[in-house]
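Subject: Handover of a structure

Dear colleague,

Please find below the structure that I am handing over to you, with its sequence. A summary of the findings comes after it.

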Amino acid sequence: MSLAITDVEAIWLRVPSLDEPCEWGEDAFVVRVYTDTGLVGIGESDSSPSVLAAIVNGPSSHSTCRSLRDVLIGENPLDIGRLWEKMYDETSYLGRRGAAIHAISAIDIALWDIASQCYGVPIHQLLGGQRRSVIQAYGTFIPQESGAANGAAVARLKGDGLTALKFGGGQFGLDADRDVKVLAEIREIAGPDMAIAIDLVYRWKTYTHAARQIERMQPYNLMWVEEPLPPDANADLRRLAQTFPVSIAGGEGLTTVAEFEEFIVKSKPAIIQPDLTRCGGITEARKIAELACRHGTRLVPHGFSTGILLAATVQFLASEPDGNLIEYSQSDSPLFTDLVANKITLFDGMVAVPETVGLGVTLDEEVIARYRVKTR
Ligand code: MG
């Protein structure tokens, strides 16, 4: 079947103005890939929108430093694997990790969206078939200073039927005593049956500090400890993983199967957390999942952006052997709550796998118009 890509649109969204601080979830990078048949694919990357807009829009410099628009226009969007390699090769001067792979991730998701619409079958079927119709969710929130605010967040999660939660960011991880106090409060409010994970976003800087904190937190029965140490601290991460019974998780910032292989081999995490909008898209996430399976490492994708990432992750997990847990953001940013008009919702602490063709997401054009930053 022959289609042709006619344009790639980079959309930079930001809730605060450019001179105001921006929190997690308050900006987003969305792409739309247009074809000569009228089919349009949607993707996103949870990265720096200004950098990614430049990578998509160009202008191109030379054969290994091209804009993704230039790489893709005129190509058949159904050639997903070939186009992944073409994008990778022809942006190689931008570095083989990081932002260029983030931009490729957004395009890759949009190409799967197009392929699914073109063939008229769900993405999970193109990925090998549906293994589950519902996926257990865990809710992620940023803890506040006040115990009452954290209590309200936990109550909201319980109201959605969630039986697992994660918190991190804000001030969490910066003060040893306060961190233990916040965890104790949240465990008290959540009750003994709630699974609780914590996310340190690299804030514990040394093995000694991390080990001490994990010991102090052992009575609160953690589901996992996420990114306790800087991502390059492989030896110390491995030591934590091998010393304590708690699961060490990480990898949301990593790109490509090569980087995940290094992480798994050197750090020995119990859980890897690729973000589909950063790791290289659905195409690369499948390779990462195979790698994780070979090493006996669990895969629980990262997801704290818009309803586009949520929809892509649901399709991916629906087809994965180890795909029974999904992150569900508790962000109140309009880019999470409203950008996708038909965002996948929670019921009884789970999400249902939709039988849509493509991602099945409808973008709210008014939200785009309100928060769009002009790039070209
Ligand atoms: Mg995290």
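The notes that follow begin with the chain as a whole and then turn to individual sites.

Please bear in mind that this is a predicted model.

Overall form

The protein chain is built from 14 helices and 13 strands. Its radius of gyration is 20 Å, in agreement with the value near 21 Å that a compact globule of 376 residues would have. Along the principal axes, the C-alpha atoms occupy a box of roughly 60 × 45 × 40 Å. Buried residues make up 56% of the 376 in the protein chain. If one takes the contacts between residues at least 6 apart in sequence, 73% of them join residues at least 24 apart.

As regards the surface, the protein chain exposes about 14800 Å², and carbon and sulfur atoms account for 50% of that area. The chain carries 34 positive and 49 negative charges, and the mean positions of the two sets lie 3 Å apart.

The magnesium site

Which residues coordinate the magnesium ion? The donors are D199 (OD), E226 (OE) and E252 (OE), at 2.0 to 2.1 Å. Their spacing in sequence follows the pattern D-x26-E-x25-E. Within this set, the pair E226 and E252 links distant parts of the chain, with the two positions 26 residues apart in numbering. E226 belongs to strand β7 (residues 222-226), whereas E252 sits in the loop between β8 (248-250) and α10 (256-267). Both of these glutamates are buried.

Backbone features

Two residues other than glycine have a positive phi, and each may deserve a look when you inspect the backbone. For V201, phi is near 45 degrees. V201 lies in the loop between β6 (195-199) and α8 (207-217), and its relative accessibility of 22% makes it partly exposed, since buried residues are those under 20%. For E227, phi is likewise near 45 degrees. E227 is placed in the loop between β7 and α9 (234-243); with a relative accessibility of 7%, E227 counts as buried.

There is also a cis peptide bond between G58 and P59, with omega at about 15 degrees. P59 is located in the loop between α1 (49-57) and α2 (68-72).

Two further positions

Is A292 buried or exposed? A292 is buried, because its relative accessibility is 1%, which is under the 20% cut-off. This residue is part of helix α11 (residues 281-295). Apart from residues up to four places away in sequence, A292 touches I264, I272 and T297. The C-alpha atoms of A292 and A270 are separated by 9.8 Å, and these residues are 22 apart along the chain.

D364 is found in the loop between β12 (350-352) and α14 (365-371). Its relative accessible area is 25%, so D364 is partly exposed. Beyond its neighbours within four places in sequence, D364 is in contact with D338, L339 and A341. Between the C-alpha atoms of D364 and L335, which are 29 residues apart along the chain, the separation is 10.0 Å.

With kind regards

Notes:
Residues are numbered from 1 along each chain as its sequence is written. This is a predicted model: local features need pLDDT of at least 70, side-chain atom pairs count only at pLDDT 80 or more; totals for chains, interfaces and linings use all residues. Side-chain values use heavy atoms; hydrogens and water are left out. Helices (H or I, at least four residues) and strands (E, at least two) are DSSP runs, numbered from the N terminus. The radius of gyration is taken over C-alpha atoms; the globule rule is 2.2 Å times the number of residues to the power 0.38. Buried means under 20% relative accessible area, exposed over 50%, partly exposed in between (1.4 Å probe, protein chains only). Contact means heavy atoms within 4.5 Å. Accessible areas come from the Shrake-Rupley method with a 1.4 Å probe; for residues, only the protein chains shown count as cover. Lys and Arg count as positive and Asp and Glu as negative; His and the chain ends are not counted. The place of a charge is taken as NZ of Lys, CZ of Arg, CG of Asp or CD of Glu. Donors are N, O and S atoms within 2.8 Å of the metal (3.2 Å for Na, K and Ca); water is not among the atoms, so sites may look incomplete.
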